[in-house]
Structures are given as structure tokens and as C-alpha cells.
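Work through the exercises below with the structure open. Try each task before reading its solution.

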Amino acid sequence: MVTKVTPTQVKQLREATGAGFQDCRNALLESQGDVQAAIDYLRQKGVEFAAKKADRTTHEGMIEVYRHHTGGLSVIVEINCETDFVARSAPFQQFARDLSLHIANDAPLYVRREDIPQHEIRAQEAKQREKTLSEGKPSQIVDRIVAGRMEKWYQRVVLMEQSWLHDDEYTVGEIVTQLIAETRENMVIRRFARFALSETTEDET
């Protein structure tokens, strides 16, 4: 096992993940000094930590409002955490600003997959099945193709599953997990609304 890591390695890992000094040092020790392996290690630790915090009550937080300078696009998003201390912290407030920009740019329709009405999921599955059959795909692989296309649809319309606007190596959900690990508090994107002039939704197209 590696017993020493260099300041350069720690700096590189901190820049890549935003994790604290000691967390980065421990991750590098665990991963034998391999920075990419350390990134994966921190991701997994973040997931485990977030899972432990998932049942914690989140009554604090903030409502962030974004308005494009033209006046033609606005976003309102509510993000909750456990304490007012974290709600006022720089990382939390920066995330709120970045998230509002992400929503403005990527136009999700739902926060998480469970929020999608079942009738809409069934309609989308029927649409993808009809499309797949019309392409003449072999019947034995139709279900697999439809499932793959549904996953792509979820990644397009579900906020937590979208690639993060500011670093597309991560999803929004993974960024939330990182922030939970960093702040040591549970965190929830509660709801959002996006308003754009003369823009139609998927249901209207």
C-alpha cells in the first residue's frame, strides 16, 4: 500500500472532485496513488454517505431564481438541506446558481424518474415501440431497443439523470451526491419551474 502521496496529486484530485484535502489524501492512499481510481473511490464513498443521509429531514434551503437578460427565459428552483448554516454556505449557493443555469439550458421536465406520470411513460414506450417496429427491427430485439431508447429519453427529461451542464462527466444526481458528502448534510432538489417565451413542450410537439 502507498504510504505517501504528493501535494501535486492531492491538488489534482481536489481540482477534479472538489473534495477536501484529507478526503483526497485518504482516497489516494486507498487507490495506490492512482488519481483516476481515487476519483472512483470518492464517488463511491459519496454515494454511500448520501444513502446514509437520505432519510434526514430537509426543511432549510433556498429558492434560486434565474432570469435571462432578454427577459424571455426564467427558472425558479427550490433546493433543501438540513440546516440554515449549510443553506448560507458558498458551495450550496454556488450549486443553486449553477443548477438554475443548467435547468435554463437543458430544459428538464421532471426532477426524478419517479415523478413522471405512469400514463406518460406508457405513451412514450408505445411511441418508441411503434418507431422501432416501423424500422423493421427483428422482433427478438425490439424490447431491448425500446428499453435503450427509454433510458435515453429519461436522461433527456429527468433533471437528476441529465449530464451536468458545467462538467458532463457527471450527472446532476452525482453532483448532488458530491455536495452531500462535502457538506455532511442531506440535500434535495425539491421542485423547479422553467418559463420560456414561445417554447413548446414535448407533449405539444
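**Exercise 1: the contacts of N80**

In this predicted model, the side chain of N80 makes a polar contact of 3.1 Å with the side chain of E78. Place N80 in its strand, decide whether N80 is buried or exposed, and list what N80 touches.

Solution.
- Step 1. N80 sits in strand β2.
- Step 2. Its relative accessibility is 6%. Buried means under 20%, so N80 counts as buried.
- Step 3. A second polar contact, 2.6 Å, links the side chains of N80 and R190.
- Step 4. Leaving out residues up to four places away in sequence, N80 touches T58, E60, G61, F92, N186, M187, V188 and R190.

**Exercise 2: the sheet around N80**

Give the strand order, the edges and the partner that G61 faces in β2.

Solution.
- Step 1. Three strands form an open, antiparallel sheet in the order β1-β2-β3.
- Step 2. β1 (60-67) and β3 (187-196) are the edge strands, each pairing on one side only.
- Step 3. On average, neighbouring strands are turned by 10° against each other, direction ignored.
- Step 4. β1 and β2 (residues 73-81) pair over eight bridges. G61 stands opposite N80.
- Step 5. Helix α5 (residues 90-106) lies across β1, β2 and β3, at about 140° to β2.

**Exercise 3: helix α7**

Compare the reach of α7 with the expected value, then name its buried residues.

Solution.
- Step 1. α7 (residues 139-157) has 19 residues and reaches 28 Å from first C-alpha to last, close to the expected 27 Å.
- Step 2. Its buried residues are V142, I145, V146, M150, W153, Y154 and V157.
- Step 3. Their cover includes α6 (118-134).

Technical notes. Residues numbered from 1 in each chain as written. Predicted model: local features only at pLDDT ≥ 70, side-chain atom pairs only at ≥ 80, totals over all residues. Heavy atoms only, no water. Helix = DSSP H or I, 4+ residues; strand = E, 2+ residues; numbered from the N terminus. Expected span 1.5 Å × (residues − 1). Buried < 20%, exposed > 50% of the residue type's maximum accessible area, 1.4 Å probe, protein only. Contact = heavy atoms within 4.5 Å. Pairing = 2+ DSSP bridges. Axes fitted to C-alpha atoms, helices over the stretch in contact; angles between N-to-C directions. Polar contact = N/O pair within 3.5 Å; in protein donor to acceptor, adjacent residues only side chain to side chain.
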